Amino acid sequence: MTTDNVKASIELAIKYHKEKLLPDELERYTEVVALIRDRADLQGGPLWYLAYYNRGVCYNDLDKFAKAIDDFKTVLAQLPNDGDTKKELRFAERSLLLDARDAALVEKYDPLSLDDVLRIDLAAL
């Protein structure tokens, strides 16, 4: 695939993002990342950055925080001072922790069964 094709794929992914077609956006960025991995001339360049960073943002938007973290760490390995990536990484890490906490709370408090409700003395409430 040529560099122009990679650029066109990124532009299409950006269009999908604007149209809120997140699964299509994610699919396009994943294809671009795979293509860039095979192109030594694109490693670490602007298209590489756009593909990993924007895919990470898409993962955040889809609440796939662990995958977003992987992409943001990949970017930061090459660009350790990138403030936007650091901000998105912090968001993904916090969201992942909150999801884990919320899941623990849901498991801790099971919903009432019908039998539990029938045993409640509503007059006493």
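## Exercises on salt bridges, core and helix 3

A search of the whole structure finds four salt bridges (a side-chain nitrogen of Lys or Arg within 4 Å of a carboxyl oxygen of Asp or Glu). The model is predicted: local features need pLDDT of at least 70, side-chain atom pairs count only at pLDDT 80 or more, and totals for chains, interfaces and linings use all residues. Residues are numbered from 1 along each chain as its sequence is written, and side-chain values use heavy atoms, with hydrogens and water left out.

**Exercise 1. Describe the salt bridges of E19, D41 and D71, with the burial of the residues involved.**

Solution.
- Step 1. Recall the principle: side chains of opposite charge can pair when their charged atoms come close.
- Step 2. Take E19. Its partner is K15, with the closest N and O atoms 3.3 Å apart.
- Step 3. Check exposure. Buried means under 20% relative accessible area, exposed over 50%, and partly exposed in between (1.4 Å probe, protein chains only). E19 is partly exposed because its relative accessibility is 40%. K15, at 42%, is partly exposed too.
- Step 4. Take D41. It bridges to R39, and the closest N and O atoms are 2.7 Å apart. D41 counts as exposed because its relative accessibility is 54%.
- Step 5. Take D71. Its side chain meets that of R55 in a salt bridge, 2.6 Å from N to O. D71 lies in helix 4 and R55 in helix 3, so the pair ties together parts that are 16 residues apart in sequence. Helices here are DSSP runs (H or I, at least four residues), numbered from the N terminus. Both D71 and R55 are buried.

**Exercise 2. Work out which elements build the largest nonpolar core.**

Solution.
- Step 1. Define the set: buried Ala, Val, Leu, Ile, Met, Phe, Trp, Tyr and Cys residues joined through side-chain atoms within 4.5 Å.
- Step 2. Find the hubs. The core has 27 residues, and V6, I10, V32, I36, L47, Y53 and F72 touch the most other members.
- Step 3. Assign elements. Two or more residues come from each of helix 1 (3-18), helix 2 (22-37), helix 3 (46-61), helix 4 (65-78) and helix 5 (83-108). Helix 3 gives the most, with nine residues.
- Step 4. Inspect one hub. Not counting residues up to four places away in sequence, I10 touches Y29, V32, L47 and L50. Contact means heavy atoms within 4.5 Å.

**Exercise 3. Characterise helix 3 and the place of A51 in it.**

Solution.
- Step 1. Get the span. Helix 3 has 16 residues and reaches 22 Å from its first C-alpha to its last, close to the 22 Å expected at 1.5 Å a residue. The expected value is 1.5 Å times one less than the number of residues.
- Step 2. Count cover. Of its 16 residues, 13 are buried, and helix 3 is mostly covered.
- Step 3. Locate A51. It is found in helix 3. A51 counts as buried because its relative accessibility is 0%.
- Step 4. List its neighbours. Beyond four places in sequence, A51 touches Y29, V32, V33 and I36. The C-alpha atoms of A51 and V32 are separated by 6.5 Å, though the residues are 19 apart along the chain.
- Step 5. Look past the end. Just after helix 3, D63 takes a positive phi of about 60°.

**Exercise 4. Account for the surroundings of E88.**

Solution.
- Step 1. Place E88: helix 5.
- Step 2. Test for a bridge. E88 is buried yet has no salt bridge; the nearest side chain of opposite charge, K87, is 4.6 Å away. Lys and Arg count as positive and Asp and Glu as negative; His and the chain ends are not counted.
- Step 3. Find a polar partner. The E88 side chain makes a polar contact with the side chain of N60 at 3.0 Å. Such a contact is a pair of N or O atoms within 3.5 Å; within protein, one must be able to donate a hydrogen and the other to accept it, and residues adjacent in sequence count only if both atoms are side-chain atoms.
- Step 4. Complete the list. Leaving aside neighbours within four places in sequence, E88 is in contact with Y53, V57, N60 and F72.
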